[in-house]
Amino acid sequence: MATNVGPIYDPPSLAHPFGTDRLGDDILSRTMSAATLDVSITVAVVLLSVTVGTVWGSVAGFFGSWFDYLTMRILELLNAFPSLLLAMLVIAVAGPGLLNVVFVVALLPLPDYVRLARAEVRSKKNWQFAEAAKLVGRRPVGVLFAHLVPNSLRPLLTYASVNASQVAATVGALGFLGLGIQPGSAEWGSMISRGQDAILSGQWWVAGFPGLMIFLLAAAFHLISDAIADSRDQGGSW
Amino acid sequence: MVAARLRPLLRIVGAMSVIVGIVSVTFLVSRVFTADPVNLFVGNSATKEMRDQARKELGLADSLPVQYLHFLRGLLTGDLGKSYLTGRPVTADLITRMPATLELGLYAITLGVLMGVIVGVLAAVFRGSALDGVLRLLTTAGLSLPQFWVGLMLLWLFFVTLHVAPGPSGRMPAGMEAPPTITGLYVVDAVLQGDWATAMIAAKQLLLPVLTLSVGSFAPIARQVRSAMVESLDSDYVRTARAMGVSQTRVWFAYALKPGLLSVLTIAAGLVGWTLAGSVLVEGIFAWPGIGQLALTAIRSSDYPIVQGFVLYVAVLYVVIWALLEAVYTRVDPRLRS
């Protein structure tokens with residue numbers, strides 16, 4: 001990407017609709033190129049967490065016994081950690097980087113997915129469709145993954161969408177603290193941190209626009225989740 | 001019944017084991033996977049002897065299990081070790097900075113809960129109206145706004161542009177003396193001593209950081225209150241109350257709101273942890289000298305004793321709050337008593 005494409009700290013204008021930062025970089029183009037990064041990290045984190053959480057939780061809920069007991073104890077432990085802090089600690093120790101961020105941030109909502117999947121499967125495993133699948137000779141693993149899990153996805157997906165908006169904010173926060181992908185890279189959080197000092201001298205646009213993007217992304221995920229919830233329950237709740 | 005009598009004991013044992021687990025994980029993460037902290041003390045040109053000497057002084061020369069035992073023994077006596085950077089005891093550092101964070105968190109959570117309940121009640125009572133729609137938008141925005149960005153934007157708007165709020169100078173403007181300590185909360189201390197001018201100044205300093213922290217916390221409460229209240233407004237007991245001529249406001253607040261308040265309590269308890277984590281971000285922006293800022297500096301400079309102390313402190317607080325909450329629940333909600 002070209003550097004010094006414009007004057008330093010130029011306010012939003014026709015030439016630079018989002019203005020320029022202290023290096024003269026055009027903020028609109030940086031914000032746009034950051035979108036690829038932030039959106040794909042968010043999606044990767046949620047996919048990873050929802051997959052691992054669903055498999056783990058449904059197996060624990062279906063088979064029970066010691067594995068279920070162990071699962072619940074691990075969840076309690078994970079829950080007691082203040083999530084953002086855990087992420088900061090691990091990344092400070094393991095070093096910034098794309099994969100580290102994805103793995104650590106995916107760990108944070110994992111207990112919620114495990115708990116949701118476990119509860120769904122436990123409540124449905126004695127329903128007739130599961131019994132019927134068992135009677136026609138499905139093996140337990142088949143009953144679980146071909147029948148129970150697909151019928152338990154709605155609450156998981158509703159939550160995944162809410163979670164995605166939290167993930168977008170967490171990724172931004174880590175970038176803001178310099179614990180994100182790579183300090184100084186075109187990522188919304190790091191861009192906000194680059195504009196932090198300029199706020200006090202009045203250049204709001206440097207931090208303003210990237211933050212607005214995080215907000216819009218998070219809000220979009222919330223609206224999706226509302227839509228999923230509304231499709232079940234007409235009107236009424238929000 | 002032995003089992004029933006043992007239950008509180010089991011709960012305490014359970015909570016203790018969670019805390020021990022947290023302590024162990026934190027210890028492992030910060031000792032095993034890290035760059036050598038000795039590098040912080042000696043320059044690049046240090047000889048091997050100097051390094052060994054430093055290692056011994058820091059207690060890092062022993063094997064890991066021995067270090068772990070030392071660490072646990074220290075914990076039992078309230079000793080969390082010394083900061084690698086300043087050499088001060090971690091416990092003392094946490095205690096000195098605690099009131100700043102407490103003051104911030106206390107007002108932020110109070111404001112968040114108040115706004116949340118008001119928004120939730122209004123939205124439920126005027127369900128389906130334009131006001132309901134506006135409040136829904138506001139709540140979705142509250143859930144989606146990145147905290148640290150809100151802080152920066154509030155600073156720009158109210159300090160830089162409108163000049164109505166003080167800048168990011170911490171708990172007092174530069175050059176101003178803090179009120180003499182009674183509770184450590186500046187506004188409360190100043191009021192207790194009748195010094196209203198100082199109280200106003202301290203309150204102004206609190207304005208933007210508290211607002212920043214509460215923007216995200218009102219939203220989940222508003223949602224919860226609305227949905228609980230919508231349900232109870234449709235219920236038979238509320239209809240009976242109305243039929244018996246109970247006034248409108250009394251129906252709303254004394255009858256319909258009440259069952260939803262327990263769930264507000266749950267969310268508020270969750271907000272404590274959330275606010276503490278948020279303080280790491282927000283205190284940095286407003287130069288607020290609390291434990292969040294302490295933790296952030298420590299993480300950035302690999303000062304692990306401080307990080308450990310902070311994580312431990314937050315985790316213990318968490319476990320204690322949930323245990324208290326459970327006790328309050330069984331007392332308030334008769335259905336849980338059996």
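What covers the buried residues of α10(B)? Keep in mind that this is a predicted model, and start with the helix itself. Helix α10 of chain B runs over residues 248–256, and B:Val251, B:Trp252 and B:Ala256 are buried there. These residues span an arc of only 95° around the axis, so they sit on the same side of α10(B). As for the cover, it includes four helices of chain B: α4 (90–125), α8 (196–233), α9 (236–243) and α11 (258–285).

Now step out to where chain B meets chain A. The size of an interface is often given as the accessible area lost when the parts come together. Here, the area buried between chain B and chain A is about 4000 Å², and carbon and sulfur atoms give 79% of that. Chain B puts 45 residues into the contact, while chain A brings 40 residues.

What about charges and polar pairs? The count between the two chains, B and A, is two salt bridges. A:Asp226 makes a salt bridge with B:Arg223, with the closest N and O atoms 3.0 Å apart. Looking at polar contacts across the interface of chain B and chain A, you get five residue pairs, with both residues at pLDDT 80 or more.

The side of chain B that touches chain A draws at least two residues from each of α1 (2–32), α5 (130–144), α6 (147–161), α8, α11, α12 (291–300) and α13 (304–332) of chain B. Sort that side by class and you find 34 nonpolar, six polar and five charged residues. Two helices named earlier turn up again here: α8 and α11 of chain B are among those that help cover the buried residues of α10(B), and each also supplies residues to the side touching chain A.

How values were computed:
Residues numbered from 1 in each chain as written. Chains lettered and ligands numbered in written order. Predicted model: local features only at pLDDT ≥ 70, side-chain atom pairs only at ≥ 80, totals over all residues. Heavy atoms only, no water. Buried < 20%, exposed > 50% of the residue type's maximum accessible area, 1.4 Å probe, protein only. Arc of directions from axis to C-beta. Contact = heavy atoms within 4.5 Å. Buried area = accessible area lost by both parts, 1.4 Å probe. Salt bridge = Lys/Arg side-chain N within 4 Å of Asp/Glu carboxyl O. Polar contact = N/O pair within 3.5 Å; in protein donor to acceptor, adjacent residues only side chain to side chain. Nonpolar A, V, L, I, M, F, W, Y, C, P; charged D, E, K, R; others polar.
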